[in-house]
Amino acid sequence: MTLVLVSNRVARPKANEPINGGLAAALMPAVTASGAIWVGSSGKFVDGSDKREPFAEIEALGSGALATVDLPAAQYRGFYQGFANSVLWPVLHSRADLIRMNAGDYAAYCEINSIMARALVRFAKPDAMFWIHDYHYMTLAADLRRLGIGQPVGFFLHTPFPTRHTLVSLPHHRELVEAMLAYDLIGFQTDEDRANFAEYLVLELGLTMRGDAVLSERGTTRLATFPIGIDAAAFADRAARAINRAEVVRLRASLLGARLVIGVDRLDYSKGLDTRFRAFDLALRNNPGLKRTVRLLQIATLSRSEIGTYRQLQGELAALVGDINGRHAEVDWTPIRYLNRGYGQSILAGFFRTARVGLVTPLRDGMNLVAKEYVAAQDPADPGVLVLSQFAGAAKQLDAALQVNPHDIEAMARAISTAVAMPLDERHERWTAMMKVLETSSLTQWFATYVAALKATEAGARAHDRRSIAWPAFRRLQIEPAASPAY
Ligand code: ADP
């Protein structure tokens with residue numbers, strides 16, 4: 001069996017460089033060990049007038065391989081900054097108010113999907129299976145079917161899937177979801193995401209669920225939940241070894257005995273950084289004993305800065321941190337250290353182990369791997385406390401964390417104070433329970449379970465050959481760059 005993974009970008013393993021995003025963190029070790037081919041954009045762009053088959057460059061990655069495709073510059077902006085990150089991402093995170101769409105963005109999205117499909121044909125050996133990742137490639141399976149590919153094609157959504165009421169604000173929602181029925185298997189992070197998708201199929205498209213499968217004129221699509229995990233033992237090992245790395249030693253020395261509270265996120269409105277800072281501010285105001293004895297280190301890597309909403313957020317957060325520090329700081333103590341940069345996984349693991357409290361408070365998150373990494377990095381003899389948003393996918397599994405509603409700033413401030421002062425017995429009890437969960441839902445297991453479920457759809461695919469279905473072509477509009485893009 002040849003397994004072909006597809007995502008927007010691929011990642012190469014570099015021990016000292018940051019991994020930006022949960023998808024790369026999850027797929028890289030899986031590809032290295034499984035022998036799969038991982039296909040994504042090369043980051044190099046070509047002239048869109050070139051109608052030849054898109055070229056893929058192939059290199060080894062452990063026992064697997066990376067194949068990168070040059071995509072056309074003309075459509076990539078409307079696809080990536082446009083429809084994927086200024087339309088789909090906000091809706092999937094229940095922020096339809098942040099949709100910014102330009103004419104041509106949807107067409108560009110469909111076009112990139114079909115170009116990627118053409119690039120994949122060369123990998124369609126009779127025993128191949130395709131596993132497509134994330135919201136960039138929702139319509140890819142329909143394109144593959146149109147090209148005559150009958151092999152199993154699965155999809156996994158790393159983000160949340162919103163309620164039907166939110167999804168209907170998505171331009172072209174019906175066409176997109178109908179196209180997704182070309183997948184044999186659609187995987188979600190949580191049961192709630194799966195149930196939201198199923199409800200849309202039933203109430204908006206009038207389809208009937210038969211157990212966990214939906215039958216449509218496009219064939220059978222199975223819906224299932226696969227909560228993504230991490231390699232907890234490897235992360236724990238990395239954290240224990242990183243404790244003597246120069247940056248980690250410097251961080252520890254700089255605390256002067258104060259307790260460290262840590263946050264590590266991509267700078268994104270879904271991560272709830274604003275309410276996190278406000279809660280920390282309130283905790284300091286309500287509990288002056290925390291002054292000088294606690295410090296917050298927030299690492300917020302810039303992401304998608306070419307999009308206006310993200311640039312604006314960056315400015316707002318910098319101003320808010322300045323405000324809070326201005327209010328509470330003393331000549332030799334500053335409450336928040338705010339860094340817009342990334343760190344390699346090893347150093348990050350050492351930082352997590354140094355922190356008494358991990359603040360993971362997204363307003364909405366598919367899973368949130370940082371929550372799991374924080375837990376895995378702790379010293380078993382003196383573990384820290386995870387303060388976790390109830391709206392992170394991880395909250396369903398990590399119910400021993402101190403869970404908070406990130407919109408309730410007062411409750412979050414109380415949780416921070418509680419976490420900082422939590423006695424060892426309780427910290428240990430909560431951490432042991434969470435570690436047990438991490439050990440029983442590893443990344444390897446996530447990968448293997450999904451692949452087995454996709455393989456099991458083969459029988460259904462044989463019974464109902466999707467290639468004989470007339471797939472409607474998506475609307476292909478002329479791409480006209482907007483005079484001043486909305487994003
Ligand atoms: P998302 O996929 O939305 O970015 P996740 O929490 O699921 O969120 O995954 C983030 C991944 O990227 C984690 O593996 C984390 O360690 C890494 N990461 C996030 N922010 C940083 C950072 N500032 N420096 C280094 N790695 C980071």
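This is a short talk on a predicted model, beginning with its ligand and moving on to two helices and a few single residues.

Let me start with the ligand. There are 20 residues around it, and of these Gly22, Arg266, Lys271, Thr301 and Glu373 come nearest. If we sort that shell by class, we find nine nonpolar, six polar and five charged residues. Several elements of secondary structure supply at least two shell residues each, namely helix 1 (22–34), strand 11 (259–266), strand 12 (294–301), helix 12 (345–354) and helix 13 (369–376).

For those of you thinking about polar contacts, I would point to three distances. The side chain of Lys271 places an N or O atom 2.9 Å from an oxygen atom of the ligand, and the side chain of Gln345 likewise has an N or O atom 3.0 Å from a ligand oxygen. With Arg341 the protein partner is a backbone N or O atom, which lies 3.5 Å from a nitrogen atom of the ligand. As for how much of the ligand is covered, on its own it has 560 Å² of accessible area, and the protein covers 94% of that.

Let me turn now to helix 11, which runs over residues 308–328. Its 21 residues reach 31 Å from the first C-alpha to the last, close to the 30 Å expected at 1.5 Å a residue. Which of its residues are buried? They are Thr309, Tyr310, Leu313, Leu317, Leu320, Val321, Ile324, Asn325 and His328. Looking down the axis of helix 11, we see these buried residues fall within an arc of 125 degrees, and therefore they line one face of the helix. The general reason for such spacing is that an α-helix has 3.6 residues a turn, so residues three or four places apart point the same way. On the other side of helix 11, Gln312 and Gly326 are exposed.

Helix 8, residues 232–242, can be described in similar terms, and here the buried residues are Ala232, Phe235, Ala239 and Ala242. Down the axis of helix 8 they fall within an arc of 100 degrees, so once again the buried residues line one face. Ala233 and Arg241, on the other side of helix 8, are exposed.

Next, two residues whose backbone angles deserve a careful look. As background, most residues other than glycine have a negative phi. Ser94, although it is not a glycine, has a positive phi of about 60 degrees, and its place is in the loop between helix 2 (73–92) and helix 3 (105–120). Arg304, also a residue other than glycine, has a positive phi near 50 degrees, and Arg304 lies in the loop between strand 12 and helix 11. Are these two residues buried or exposed, or something in between? Ser94 is partly exposed, with a relative accessible area of 30%, whereas Arg304, with a relative accessible area of 12%, is buried.

Finally, two residues with their C-alpha distances. Ala67 sits in strand 4, residues 64–72, and Ala67 counts as buried because its relative accessibility is 0%. Although Ala67 and Gly40 are 27 residues apart along the chain, their C-alpha atoms are separated by 6.6 Å. Thr32, by contrast, is found in helix 1 and is partly exposed, at 31% relative accessible area. Between the C-alpha atoms of Thr32 and Gly150, which are 118 residues apart along the chain, the separation is 27 Å.

Terms used: Residues are numbered from 1 along each chain as its sequence is written. This is a predicted model: local features need pLDDT of at least 70, side-chain atom pairs count only at pLDDT 80 or more; totals for chains, interfaces and linings use all residues. Side-chain values use heavy atoms; hydrogens and water are left out. A residue is near a molecule or strand if one of its heavy atoms lies within 4 Å of it. A polar contact is a pair of N or O atoms within 3.5 Å; within protein, one must be able to donate a hydrogen and the other to accept it, and residues adjacent in sequence count only if both atoms are side-chain atoms. Accessible areas come from the Shrake-Rupley method with a 1.4 Å probe; for residues, only the protein chains shown count as cover. Helices (H or I, at least four residues) and strands (E, at least two) are DSSP runs, numbered from the N terminus. Ala, Val, Leu, Ile, Met, Phe, Trp, Tyr, Cys and Pro count as nonpolar, Asp, Glu, Lys and Arg as charged, and the others, Gly among them, as polar. The expected span of a helix is 1.5 Å times one less than its number of residues. Buried means under 20% relative accessible area, exposed over 50%, partly exposed in between (1.4 Å probe, protein chains only). The arc is that of the directions from the helix axis to the C-beta atoms.
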